[in-house]
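Please look at the cysteine residues of the model shown here. The report that follows concerns the bonds between them and how far their side chains are shielded.

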Amino acid sequence: MWRLVPPKLGRLSRSLKLVALGSLLVLMVLHSPSLLASWQRNELTDRRFLQLNKCPACFGTSWCRRFLNGQVVFEAWGRLRLLDFLNVKNVYFAQYGEPREGGRRRVVLKRLGSQRELAQLDQSICKRATGRPRCDLLQAMPRTEFARLNGDVRLLTPEAVEGWSDLVHCPSQRLLDRLVRRYAETKDSGSFLLRNLKDSERMQLLLTLAFNPEPLVLQSFPSDEGWPFAKYLGACGRMVAVNYVGEELWSYFNAPWEKRVDLAWQLMEIAEQLTNNDFEFALYLLDVSFDNFAVGPRDGKVIIVDAENVLVADKRLIRQNKPENWDVWYESKFDDCDKEACLSFSKEILCARVTVDHNYYAVCQNLLSRHATWRGTSGGLLHDPPSEIAKDGRLEALLDECANPKKRYGRFQAAKELREYLAQLSNNVR
């Protein structure tokens with residue numbers, strides 16, 4: 001029932017990186033001709049590099065014209081395939097330009113998983129379809145659970161996908177209708193009827209939902225409507241494009257105090273928005289670290305840039321079904337796990353309560369308070385406050401109560417007061 005979640009794998013230690021860089025220099029000398037070719041060639045126009053040949057075991061095709069026409073190009077070192085072994089997360093930076101607009105803008109490209117995870121996906125599809133670890137994915141997909149809704153199926157229903165990922169751990173019909181209506185990898189988006197999608201599009205939707213639902217989170221809760229997520233642009237094969245936001249939150253860890261206060265206030269506002277909103281969807285962040293947020297260079301706005309682990313609970317459905325203790329306020333349990341960016345939570349309880357403090361807990365413990373540890377540092381984003389604020393003691397008390405409450409329901413009140421206090425300190429009073 002309970003899960004203690006450590007940070008995601010793939011963060012290499014500094015010593016390993018030095019060894020890797022040394023090996024890279026040797027490889028660069030030995031492979032200089034292929035290195036030059038890799039630098040000159042735009043591999044984002046290569047269908048096999050995009051893994052377009054694996055569709056419908058892919059994430060979509062809405063941006064294929066842009067990729068194949070050469071409108072998307074890697075930035076500098078992203079062109080060197082020799083560096084891919086360092087890029088564990090398969091995240092790239094690129095430039096995109098529309099011929100009619102002129103100029104280029106920065107975008108982020110994601111494969112939504114590591115090479116190992118993608119290989120495991122292929123093997124699982126093949127084994128389910130043929131019993132063998134290798135196969136023709138195009139032929140195999142219609143013989144898997146990803147094709148269960150092909151044909152004349154009207155709706156995507158909870159019983160079909162419940163538990164496939166955090167996004168649909170406890171889905172309501174209202175949430176699934178929203179996912180289908182806003183699905184961007186079809187020309188006929190806007191309808192909640194599954195029958196309006198082609199069979200290939202349905203399989204892509206279900207595969208994305210099961211493997212890494214981040215694109216569906218960005219599409220269903222878009223930045224254009226005020227949600228604090230990066231903007232989804234499109235996909236081609238197994239390459240997804242999202243808008244570049246800015247430097248990760250970690251790069252502001254030692255920023256001037258006034259800047260850090262403003263960022264902390266925004267983080268608490270995000271926690272509030274995702275917990276309480278007019279749509280009555282509670283979006284709970286299950287993986288909260290400095291790497292999963294970024295800050296806009298111009299507007300200074302904090303945005304969530306990794307939305308893979310977001311659980312969505314429908315408060316209307318909870319009120320309607322009235323599960324046991326549904327109206328009892330739920331306090332997340334503080335857990336000092338001696339690891340970076342870990343959280344303790346129960347998905348079942350998140351799905352069954354209307355009033356939950358999880359997002360406040362996650363932001364305070366992993367980002368703001370003295371309990372936050374990241375890359376060998378401690379003290380959180382609000383470390384080393386000015387002497388007058390440290391002497392006053394109110395900020396430290398609120399952060400401690402928000403992260404590790406001593407009073408019953410203390411975190412709810414502390415989070416409210418912390419938001420107000422940070423607003424005063426940063427002149428963000430509304």
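The text below takes up three of the disulfides in turn, after a table of their sulfur-sulfur distances.

This is a predicted model, and the structure holds five disulfides, among them the pairs listed here.

| Disulfide | S to S distance |
|---|---|
| Cys55 and Cys58 | 2.1 Å |
| Cys64 and Cys236 | 2.2 Å |
| Cys126 and Cys135 | 2.1 Å |

The disulfide of Cys55 and Cys58 has a torsion of about 105° about its S-S bond, and it is therefore right-handed. Cys55 is buried, and Cys58 is buried as well.

The link between Cys64 and Cys236 is also a disulfide, and with 100° about the S-S bond this link is right-handed. Because Cys64 lies in helix H3 (residues 64-68) and Cys236 in strand E5 (residues 232-236), the pair ties together parts that are 172 residues apart in sequence. Both Cys64 and Cys236 are buried.

In the disulfide that joins Cys126 to Cys135, the torsion about the S-S bond is -85°, and the link is left-handed. Are the two partners, Cys126 and Cys135, buried or partly exposed? Cys126 has a relative accessibility of 2% and so counts as buried, since buried means under 20%. Cys135, in turn, has a relative accessibility of 27% and therefore counts as partly exposed, a class that lies between the buried limit of under 20% and the exposed limit of over 50%.

Conventions
Residues are numbered from 1 along each chain as its sequence is written. This is a predicted model: local features need pLDDT of at least 70, side-chain atom pairs count only at pLDDT 80 or more; totals for chains, interfaces and linings use all residues. Side-chain values use heavy atoms; hydrogens and water are left out. A disulfide is a pair of cysteine sulfur atoms within 2.5 Å. Buried means under 20% relative accessible area, exposed over 50%, partly exposed in between (1.4 Å probe, protein chains only). Helices (H or I, at least four residues) and strands (E, at least two) are DSSP runs, numbered from the N terminus.
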